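Biologist: I should like to go through this structure with you, one point at a time. Please show the sequence and the model before we begin.

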Amino acid sequence: MSIVMATDIRQPIGWLFSALGVILVGYGLTTGGNPMYERSEGVNINLYWGLIILIFGLLLLLLAWRGRRRILGLTARGTPTPAEEARERATGMPPRGALRTAPRREAERETGEIVFRARRRERRRLRRLSGEGR
Amino acid sequence: MAVYFAAVLGVGWMLRRRMTTSGEFLIAGRSLPAWVTGLAFISANLGAQEVIGMGASGAKYGIATSHFYWIGAIPAMVFVGIFMMPFYYGSRARSVPEYLKLRFDEKTRTLNAVSFAVMTVFSSGISMYAMGKLFNLLLGWSFNVSIWVSAAIVLGYVLFGGLTSAIYNEVLQFFLIVFGFAPLVFLGLRAVGGWHGLQAKLTDAAILRGLPAGSLNHAWQGMGHASTNPIGVEWFGLVMGLGFVLSFGYWCTDFLVVQRAMAADSMTAARRTPLIAALPKMFFPFLVILPGMIALVLSAKGSGAMGIIPAKLGAGGAPLVDQAGRTVLDYDLATPMMLIRLFPSGMLGLGLTALLASFMSGMAGNVTAFNTVWTYDIYQSHIRRNASDAHYLWMGRASTVGGVLLAIAAAYVAGAFNNIMELLQLVFAFVNAPLFATFLLGMFWKRSTGHGAFIGLISGTLGAMIHHGLTLPEGAVAGIKGGFFGHLHTYPSEMAQTFWTAIVAWVSCFVVTIVVSLMTRPRPEPELVGLVYSLTPHEAQEEKRWTHRPATLAIVVLAMTVILNLIFR
C-alpha cells in the first residue's frame, strides 16, 4: 500500500519542479544578456538553477515511473513458477521485485498488536466511542 | 505561484476519493512511509516565521543562532523519536491529548486540548498577518487579498485530501523552500567574497556594535558569560532553558509535529520520522541563518553602504535609536531584502513562491492539528459522544472551515492590536514550558497520577507567570516584558529571561506533579501497559537489520551535530 503512496507523491513533485524548471530555463534563455543579472553577480541564475530544478523534477518522475512499473509488473505476474516457489522456500525471501517491505511491515504491525492487545478493555471502550474498526 | 497553487490543489484533488473515514481524513489512516512523514515533520515546523525569524536572528546574533537548531531542536527530535514515539504510536492514541487521557484522565486531556486548540488558531492567525504585511511591503499586494487567497487555497486542499494532502504538500513545500533559498546563499556568499570574506566583514560588524570581535562568527566562544556573546545569555541558561525545556517542550509534545509522525505506517517508521527530519534540520542553519548574516554585511546596490537591512521605524516614521545611539535595524526584513537584492526577475518569483509556500505549510499544519484536536478531543469527548464515524468525518471537515475562519479573524485582531501578538506569544510560552515535565513523568514514572499531572501543569504555568512578573531584562520597563509583580532580578537580555522562565516553569511542574501524585491514587497497572516505559514489553520494538534501527540513525544524527558544533564553535 505504501509504495503506491510514495509513487503518488513523487509524481506531483516531479511535475511541479519540471514545470518550474522549464519556466526558469525558458526565461533564462530569452533574457540572456539582460542588465538585471548584475544583481546576481553576473550569473544567469535563471538558466543554471532552472536546469538543476528541471533535472530534479525529471529524476523524480523517473523514480515514480519505475516504481509504478514494478507494481504493475507484479500484478501481471500471476502465480509464481515452481522454481520461484522453491527458491522462496529455501531462502525465505520473496521473488525479486515483490513488495519487499510488505512482510516487514506486517511483522511491525503484529508486534504493535502485542502491545496494543495488552490493553484490550481500553481498546474496546475506544472502539465503542469512535464507532470505527481497527 | 500559479503553477505552485495548481500543484497543491491538484494533490488535494488526487486524494479526495480516499477520504472515506474520519481516521483517513484527520490522521491519514496511518499509511505513510517514513521519508514522507519525516520531511513533513520538519516542513510543518518550517513556517515562514522560522524562515524569516531565523534570518532576523542570524543578523542579530550571527552563527550563534544555530544554537536554536543544534541545541534547540536536534537533541529533542532524537529523544522523541527513540523514547516517546513508542508510546504515542503504540497507544493508538489519535492525538497527543488523547494520549494524556489514556495515561492520566479526562481533565488533563481537556486542559491540553483546549490550550493547544487556542494556541494553534492564534499561531496561524499571527503567521497569516505577518505574511500579509510582508507581501504588502515587498510587492504592494493588498493585505486582505493575500490573506484570503492563501487561506482559500489551504482550505481547498485540506478539505479535499485531509491530513494526507497537508503532509504531501508539506513535502512539496520542503523541496520548494530548499530550491528557493539555496541560490540565495550561493549568490550572497559570492557577493561578500566567499566564506572568508563573510567572516572578515562580520568581525567588523561585531566591533561596530560593541561586541567582542569574533562573536558573530562563533557559536560557543563567549558563552561563559552573558556579556561576551550577542545573545546575552550564559551557557547554562542556553542549554537548560532552550536546549532542554523549550526545545523538548515543543518537539516532544506539540501535536502539530507529533501528528506527522503518528501518521506513519509502522512503529519503526514512526520512530524514524523525527530522526529523518533531523538530518536536513541540521543543515538548515546554512539555508535560513546565513542569508541573515550576509544581509548584515552585504553592500547595498548604489550606495555601497554596509548592510541591506533597513532601519526600524518608530511611530512617527523616524528611525529608532537604541541607548548607545545606534540605529535599530528592522531585522525581520533581512531575508526578504536579500531576495530583492540578489535575485533577478524569474528567480525572484521562485524565491517569493518558496516564502509563500513556507507560510502555507505552517498554516496547513495548524489547521490539520486543530481539526483533529477539536473533533476527537473536544467534540467527541464532551459534546457528542457516540455518533457514527460519518458524523465525525463531517465534523472534521466543518472544523477545518471553522479553524481557517478563526485563524483569519485572529490575523485581523493581530493587526488591530499589535501588543496582543506579544501578549499571546508570552501566554503560549507560559503554557508550553511545563508540558514536557508532565509527559516525561507520564511516560517514565508509573506512579504519576491524573491529579498530579493536572495540578502540575497549572503550577508550571503559574510559576512561569510569576517568574516573568518578578524579573525584567536589562533596559526594559515593567509591562509586557515582565516586572508586573515587582522587580527582584534583572536579566542581561530578553532571551535570558525567556530561558530562565522556562526553567522555572519546568521545575515547578516537575516538583508539584511528583508531590501531588504521591498523595493521590494511581491507576491500576494493567491499564497502563503500553503507556509507560516500565510497563511496556521491550521486545516489541526490535528491528533485525541494524542499519534500519532507529538507534543507529540517532547516533549518526547526534555525532554529526557534535561535529557541526565543533566546527563552528
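Biologist: How many Å does helix 8 of chain B reach from its first C-alpha to its last?

Modeller: The model is a predicted one. In it, helix 8 of chain B comprises residues 106-139, which is 34 residues. At 1.5 Å a residue, a span of 50 Å is expected, and the computed reach is close to that, at 48 Å.

Biologist: Which residue follows helix 8 of chain B?

Modeller: The residue that follows this helix has a positive phi, near 75 degrees. The residue is B:Gly140.

Biologist: Why do the buried residues of helix 1 of chain B lie on the same side?

Modeller: Helix 1 of chain B spans residues 2-14. Its buried residues are B:Tyr4, B:Phe5, B:Ala7, B:Val8, B:Val11 and B:Gly12. They lie on the same side of helix 1 of chain B because the arc they cover around the axis is only 160 degrees.

Biologist: Which exposed residues does the face turned away from the buried side of helix 1 of chain B carry?

Modeller: Exposed here means over 50% relative accessible area. On the face of helix 1 of chain B turned away from its buried side, the exposed residues are B:Ala2 and B:Ala6.

Biologist: Which helix gives the largest share of the largest nonpolar core?

Modeller: The largest nonpolar core has 195 residues, and B:Met84 is among those with the most contacts inside it. B:Met84 touches residues including B:Phe79, B:Cys252 and B:Phe439. The largest share of this core, 25 residues, comes from residues 143-192 of chain B, namely helix 9.

Note on methods. Residues are numbered from 1 along each chain as its sequence is written. Chains are lettered from A and ligands numbered from 1 in the order in which they are written. This is a predicted model: local features need pLDDT of at least 70, side-chain atom pairs count only at pLDDT 80 or more; totals for chains, interfaces and linings use all residues. Side-chain values use heavy atoms; hydrogens and water are left out. A nonpolar core is a set of buried Ala, Val, Leu, Ile, Met, Phe, Trp, Tyr and Cys residues joined through side-chain atoms within 4.5 Å. Buried means under 20% relative accessible area, exposed over 50%, partly exposed in between (1.4 Å probe, protein chains only). Helices (H or I, at least four residues) and strands (E, at least two) are DSSP runs, numbered from the N terminus. Contact means heavy atoms within 4.5 Å. The expected span of a helix is 1.5 Å times one less than its number of residues. The arc is that of the directions from the helix axis to the C-beta atoms. Lists of a residue's contacts leave out its neighbours within four places in sequence.
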